[in-house]
Amino acid sequence: MNLDEKWTVRWTTTWKFGRTPVTCPVRDLGKVDLRQSVPVRRFTWRTGQFHRPGLEYLMATDRHHGFESHEEERLLLVADFAAGLVEALCQPFRLQFLSEGKAIRHTPDFLLVTESGLFLIDVRPADRIKAEDALKFAATAEVALSAGWQYGVVAGWRQHVWTNVDALSAERRPLPDVLGVQGQLGKAAAQGPLPFGELAERCQIPAIARAHAIHLLWHRHLGVDLSVPFGDASLVRLAPQQYHRELSR
């Protein structure tokens, strides 16, 4: 890649607003109205295709977002769980850059808008990253750096990370609390960290308490160490007020 002083002028990004494509040099990324853009590439569904596209509902945005593989779907779910997600832009723009005099194009998978900044993300399993992919990822990292964004390539997950988030997502949607179970959970957890199984048993209806406890974990009203596999022995505690997310009923 030729990264001389004028590379941000020669390299371009193409966005779509409605049906209208708009191309701008990398140096002008800060002027793009991200919220009004649509995916620069259409998602397609057809019999026999190699990848698996679909739509994933995110609590943070209250709408569905497109993905093109199981790996991308997982990234969206983890992003929804991570606090501070404001917007998720799928296939946000097409980058065109120069390498050894040749024009190369690449479309990053996601641009995540969060309360702590913007994160440009590519998703590719580690065993499928080829030399040409590494070149595109390196170029995209330079673009993100010039725009003041973070950039990363999600090449895989530790097994327990994905299974933990997947388990908590089962109760992320609105959950009516007509029996006051969440208050019971709060009182029990206030007595000190308790194993998840014991916390549920201290409520009047443990089976229902389990569902509500997972709901509270997703929304940060309860806390647990997710750096290890989640189960009945996992210690659950009250989460500080500043980390709470609004409960959906």
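Here are three short exercises with worked solutions on this predicted model.

**Exercise 1.** Work out which residues lie nearest the centre of the largest pocket, and which elements line it.

*Solution.* Start with the volume: the largest pocket comes to about 490 Å³. Next, go through its lining, which has 21 residues; Glu 68, Glu 72, Asp 109, Arg 124 and Arg 128 lie nearest the centre. Now map the lining onto the elements: helix 2 (70–81), strand 7 (102–106), strand 9 (117–123) and helix 3 (131–147) each give two or more residues. Last, sort the lining by character, and you get four nonpolar, five polar and 12 charged residues.

**Exercise 2.** Find out how strand 9 and strand 10 pair, and what handedness the unit they make with helix 3 has.

*Solution.* Put strand 9 beside strand 10 (residues 150–154): the two pair in the parallel sense, over five bridges. To get the register, pick Asp 122 and look across to strand 10, where Val 153 stands opposite. Then add helix 3 to the two strands, and you have a β-α-β unit that is right-handed.

**Exercise 3.** Take the largest nonpolar core apart: which residues touch the most other members, and which helix gives the most?

*Solution.* The core holds 28 residues, and those touching the most other members are Leu 168, Leu 185, Leu 199, Leu 217, Trp 218, Leu 222 and Val 236. Then check who supplies it: at least two residues each come from helix 2, helix 4 (159–169), helix 5 (181–189), helix 6 (196–201), helix 7 (206–218) and strand 12 (222–224). Helix 7 gives the most, with six residues. As background, nonpolar side chains in soluble globular proteins tend to be buried together.

How values were computed: Residues numbered from 1 in each chain as written. Predicted model: local features only at pLDDT ≥ 70, side-chain atom pairs only at ≥ 80, totals over all residues. Heavy atoms only, no water. 1 Å grid on protein atoms, 1.4 Å probe; cavity = no way out; pocket = protein on both sides within 12 Å on 5 of 7 lines; lining within 4 Å. Points joined across faces, edges and corners; volume = space filled by probe spheres on them. Helix = DSSP H or I, 4+ residues; strand = E, 2+ residues; numbered from the N terminus. Nonpolar A, V, L, I, M, F, W, Y, C, P; charged D, E, K, R; others polar. Pairing = 2+ DSSP bridges. Right-handed = clockwise from strand over helix to strand, strands pointing away. Core = buried A, V, L, I, M, F, W, Y, C linked by side-chain atoms within 4.5 Å. Buried < 20%, exposed > 50% of the residue type's maximum accessible area, 1.4 Å probe, protein only.
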